[in-house]
Structure formats: structure tokens, C-alpha cells
Amino acid sequence: MNRFAALLDALLFTPSRNGKLRLMQEYFASQPDPERGWALAALTGELVFDAAKPSQVRALAAERVDPELLAWSYDFVGDLAETVSLIWPETPGVQIPVPSLGEIVKQLKATSRNDVGSLLEAWLDALDATGRWALLKLVTGSLRIGVSARLAKTALAEWGGVEIDRIEEVWHALAPPYQPLFEWLEGCGPAPQTGDLPTFCPLMLAQPIEESDLGGLDPRDYLAEWKWDGIRVQLVARGDVRRLYSRSGDDIGAAFPEVLEPMPADVTLDGELLVLRNGEVAPFNDLQQRLNRKTPTPKLLRDYPAAVRLYDILRADEEDLRTLPFVERRSRLEGWYARELPPGLDLSPLVPFASWEELRELRDGARERGIEGLMLKRADSLYLAGRPKGPWFKWKRGALTLDTVLMYAQRGHGKRSSFYSDYTFGAWHGGELVPVGKAYSGFTDEELQRLDRWIRNNTVQRYGPVREVAPQIVLEIAFDSVHRSTRHKSGVAMRFPRVHRVRWDKPVGEADTLESLEKLLT
Amino acid sequence: MPLASLRHESWIRTTSAGLYCEPGDFYIDPQSPVARAVITHGHGDHARPGNEGVLATPDTLAIMRQRYGEAAGGALQPLAYGDSVTVGGVALRLLPAGHVLGSAQVVLDYRGARVVVSGDYKRRPDPTCAPFEPCNGDLFITEATFGLPVFRHPPDRQEIDKLLHSLALFPDRCHVVGVYALGKCQRVLALLRRAGYEKPVYLHGALIGLTELYENLGVSLGPVLPLADVSRDALRGRIVLAPPAATTDRWSRRLPDPVVAMASGWMRVRQRAKARGVELPLVISDHADWDELTATIEEVAAAEIWVTHGREEALVHYARQKGYRARGLALTGFEEDE
């Protein structure tokens, strides 16, 4: 457990992706089974406990340390699990066998909340400070991992020398502590079989394309369909089991019962998860209400009805269709849909066109309808995992832009820790600037250096790490959409804001107003 | 107020300039220039420039001369550990405090009463300075920088191993360690050498003077090189020491893909480390941790305890629970940094 805790700790402090990969790979290489398998389960979010309440943890500590000292310490540290882990008295010289993560998991599963106290106490006595911290985070269900499940699988794939898609494919046929997976990756066991399980097929993704690149492509080779503004999902129904996978292979089915329950078997479908009202796509923000909840309330189900709009079919009646050309899969999809007419699903229509010019006009007219742009798919494209170059393109509609004024700046992390690279920008409202968003990207290295210098020379006020700057720089911000938000003072929030251009030339008086941003609300 | 406490305060008390001994007419670590100062150690918040007379250990005086030149003081009076001088009827001795090179506790004997002023101190062994020497007294004035039971510094070796392990894991990355220029810098160097690290360590310009002074005063620290002369690529997989503020500011851009580490007792608390942009926190402190503070109170066994700079209330609370008369001094001017 101490070694696993040290890994978690290091992951939280390491900002770079490569650094995190290296830390995880070293862990997988150096730790035995089944310990590393349980660790992998924790890293991929499969180990979730709700074994103890914070008040129980606090009470345990209060039995060991003076309550006033505990209270002052908690005030200073600000986090209960961390306070208790640091303050827990150690008995020097007494060696208590350290529990493994596997042992902890096993015992937690077998113990009721009422009896968990004495278990915890014994473990806290055996572990080091970092181990105690990780344990307390784990049992109170507040373990924050500094990596995504995808990154943990990437580390595993690189370490084992296989493509990550091979891991994604078998992932849902496996369970912690994943011994067969490690055996296979170390070359001393066969590849795990998925059998009849409703496993995830890694998605095929599209390359972005610009209008200028279309000239080289023959429109007759491609089919077009709308790119809907939701989240890409995969639906799998096999036997009695139904799964709804996100793009990264996480099962999010519990949050969308109205989609899953009526689904007929046996089929694997690719589509876009949306909130649909009478066939109309609701703003992305509506879908966000549903995504934030693990299980929906009846009110949420009523107010934000979800559905999946289908793009593709990957498997039907025991047959893998991924090796068929897209046109053929499309006709299978249409046939399947006409036969089953499943509630909670509908079909994303193809967009007929004769020329790129015609398609561009269709795309530009499409802003109001929950559409992000167009997908272009070669008629003969097989369904290939990952983002192959050539068969599929996404042709996004032009981004929205707004001229804003740079108000505050903060230094970044990792490689950017010496640069003021995080910008808060504002729009005019009644003669004052109101912050409307933050951007961390979009600029070139040269622009970043120039902005950093300018910010240091034009700081008017400091609030801890934040510098307020003279309102003199116009940032042209690009963003995908804007929606209402009660969490922001301005009342609106942008989606994917990034710095499009630094307008060194533009007077701040000519920057946009909050009202002009509100006109773009979807 | 108990009688004994009245007795101490009749000759030693806090003033706006700091701790003042009336019969001896001197201040200990004064915050503004005075006629006679006794300086416990060379850190900038304890040894300030511009005093007329300065009494301190020879090493502390050397450090002050290095830092302040002429402004170190009008008349510098060295006093070796254990030697005694009498000032206005007060017998004064300096004893090792184990904090940094030259650091001292001040022991005052006056009319049968003994006051021990700890200055900043620690109890664990430090290869760069003499170990803390406990001394019984009637009043113990102790620091409390890490005066909360969450502060328990792990063994130094464990933290140095963390640094060496990271170096092995990321051999292409420079490892820059934020260290205070006096004490911490030299201690980290010495600890690295003890752990068998023999390669040159590269120093930020602000650390060179004091490191050379340590060498001149007989503390050997192995090969160090000024960073200024080295190409960027030559720093891959090497250790660089720099003042904490430099590690995440513009100066750090000359380093190749640095892992930012920091050696400080504050690194024990995650949020503190995060807020400073630290990737590799190393809990290495020149101050006593909670266990050292409480053990020292027991060992000095003074009936009365005054607690100064740091988290006073918790240590005062602890001392009272243990039956000591205790109070916080709330002296101003001392910094949290170490």
C-alpha cells in the first residue's frame, strides 16, 4: 500500500503527461501481482469505496491526539484525510506488517460501515504518512487520481508493447486484479478473450479538415453526415447486458436508463448522445446536466430527455461488421433501424450533395440546429480504431469569435511555470470590464513570450499568484458556443475558449460588449 | 500572574525591537538597529545589519561579514561555544543550536535564575553544523516554526533518496532544488555526498558566496560549479540548487525540462507544495519538528516556557497540558521561509 500511495502522490505532483506515463510504467514493472492489478483498478476508476464517513475518520484521530491540536492542525492543512494522515502518532521502533492494497480492498468489501473503524485503526498504525493519506482518501470515496483511465491504459500499453486499442477491446471482459492481462503483456500468457461479453470496440475518429484541403478530394468518394453537438458514444447489447460507453471506453450507462433499457440485442452501435426534445437537439449545456449525475432523478429524466442519434453499426447478430465498407454498414444500419424502431434511438441522416461548394453552403446554414459541422466519410472506409489519416474527416463550422480585453494573468504549470500563460479576459458592460472567460491556449510560443514580458511590465495589482494588468491588450477569443451559467459573474460561459489572435493593434475601446456575447447564446 | 514569571520579566522582556535584557542592556536578534545585539545565527530575519555592537559565534560573524560587509556591525565580538562573558552582571554563554553553521542558543544567568533562548534549532544530526546542546534552565524561550503535530519531518536520507530516485527515473531532465541560501543549500549538498552522489552540483549565483564560505570554514561539500558557465544540455540529468523563488520564475528557463523540487519543512503539506509549483517536494528542514519541539521542552525542563515565532498557540497549549507555565510572545518580523 505504501508503494501504491507513493505512486498516487507522485502522479498528483507531476504535471507532464510523459512524466506520469513513466511513473506508472515503473510501478507496473516493479510491483508484483496482484498488487499492481489492484493499483490499475484504482487508476482507472474501478475501485470506488464509500466505506467510512469523514466524521468517523475524525473521531478515530480524536482518540489518538488532543482535540485542540487536531482542530488547529485541520485549520492549517485544510483537508481532513491529509491532516489525520500527518498527525497520526507513529510508534518508533515498532514494526507492524504493512497491508497490501489487495488486502485492504478484500477486507473493505467484507466489512460493514459499523465495523470499519477498528480495521482502519490497525491499518493507520501500520502505514507511513503517504500510505495513511491514500487509505483515508480511498475509504471515504474521495481518492483523486492525477490521471485519466485512458492515460493509465496508455501507460500499460506502452509498457507491454501493444496498441492501446488492444487493451480497450479486452478491457471490459476483465476484472481487477487483471492477472491475465499482466501475464499477456509480459509475454507469459495468451491474449485475453472477450467471448460473449459486451466489450467496447475502440472508436474510429476523424481528422480535422479545412476548406482549402477539400480541393484534393473527389466528392463522389465521400458520404456526408451532420456532426451533432453531443458526446460520441458506443451502445452495446449482448444477451441481457446493455452498455453505453463513452469515447474513452468508460461505461456511463447507469446515467441513461431511457436509452439502454429498451435496446434490442445483439448489436453494437456508434452514435451521438444528445438531449432531444421532439426531435430537436437541445444545447450541449442541457446534456451536461445529465452527464453530471451518476443516476438521474425522475425530474432530470423528464426535463432533459436523452437519446442516441446513430452513425454506424459495428456488430449485429454475432457478425463483426467493421470489415465492411461504410456504405454497406450504412445500409445494414438503416435496415436494422427500420426493423427494430427502438425508442430512445434515432438515425442521423446522410446529407446528400454534389459538390464541395454545395456542402459548404449547407454547413454554413446549419448553426442553429445543434450541429457542430459535417462529417465526411469515404464510402469504402472500413471501421478502423483510432484516428487513421484519410478515410474520415470532420469539417467543423467556423468558430465564433469575440474581441475581449486581457484583465488578469497567472503563471501556468510544468513547462509553463515561469510564463504568464493563463489569461482572464473581459468584455465591456456599462463602461466597465466584466470577466467573461479564461484561455490557456491558442497562442504561439513567440506570442506567449511577448505577452509574458508585457504582463510583467504592465502589472497594476497583485493578488497572490494573480496579476491584474492595465486594460490595454485586446485578445481575439475563438470559442465553439456560449451558454447561460449561474456559476459565472457575467451570467454566461464559453465552450472551448482559446486565444485566436493577440490584437496588439486594436484599441481596447473597440473590444466587444457583454451584450454582443449574449446575442450568440445557443 | 505567578511570582516566578514576574521575576523573569523584571529583567528580560519583549520590546518593539525584539527580546531585550535590561541589566545587560542588549537585544537578542533585534529587528531594528540597536547599540548592543546578540545574534543567534546568520539568517536575514535574525541577523539584521546596522547594529553598533554585535556579539555572536565566530562563524555567525563570518556569515554576517559575507552578507553585509561593513554594515555587519560597528564592533564585532566573537564568542566561542561554551565560553562565557559577563555583561552588566548577566553571565552570557552561547551553545550550539544545530540550525545552521554558527547557530547558537543564548544562555543567560542573572541573580540565580537561568534563561535559555533557543534561537532557531533542530535536533537531528546535520553534517554542516554542531549539534544542539540541551541546557537546563528556569525559563526556556523556544521557537515554534513547525509548532503543529502535523509537522513530523521524515529521515533526511529518505528525502534525498526521493531526489536520487527521480533522477534515475528521469535521466534527461535537470533537477532543480529550491533551497535557502544559508544552511539548507549546504546541508542538501552534504546529504547528497553522504548518499554517495559524487557528481558536481550546479549552483545559482546567489548560493555561491555562502557555499564557498562554508568550505573556508572547514565544511567540505564536494564539487560544485557555478551554473552560469554551463551549457543547457550539460545540465540534463544533473542537480541544480537555486533560491526557491528562482525555480519557477524566468531564471529557470535556462534549464532543460526541469523537475522542480523544493527542500523545506513546509513540503509536508500538499497544498503548500502545490501552490509553489513544486513537482518533487522534499521534506528537509532546519527547524525542529513537533516531536523535536516537545522533546526539547521536556529535556530543558524549565518551569516556564515562552514560545516565539511560528504556531505559538498549539505549543503553548501542549506545554500547559504538561504542567508548564507557558505563553506566546508574538514577536514580529520573523519570516516563515526556511
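Here a student and a tutor talk through some labels used for this predicted model.

Tutor: Residues are numbered from 1 along each chain as its sequence is written, and chains are lettered from A in the order in which they are written. Since the model is predicted, local features need pLDDT of at least 70 and side-chain atom pairs count only at pLDDT 80 or more, while totals for chains, interfaces and linings use all residues.

Student: Okay, why is B:Arg111 called exposed?

Tutor: Exposed is the word for 12 or fewer other C-beta atoms within 10 Å of a residue's own, buried for 20 or more, and partly exposed for in between, with C-beta atoms placed from the backbone. B:Arg111 has 10 such neighbours, so it counts as exposed.

Student: And what makes B:Asp25 partly exposed?

Tutor: Its count is 13 other C-beta atoms within 10 Å, which falls between the two cut-offs, so partly exposed is the label.

Student: What else is there to say about B:Asp25?

Tutor: Its phi is positive, about 50°, though it isn't a glycine. B:Arg111 isn't a glycine either, and its phi is positive too, near 50°. Most residues other than glycine have a negative phi.

Student: Which peptide bond joins A:Asp33 and A:Pro34?

Tutor: A cis one, with omega about -5°. The bond from A:Ala265 to A:Asp266 is cis as well, with omega near -20°. Most peptide bonds are trans.

Student: How many residues of each chain take part in the contact?

Tutor: Chain B gives 26 and chain A gives 22. Two residues are in contact if their C-beta atoms, placed from the backbone, lie within 7 Å.
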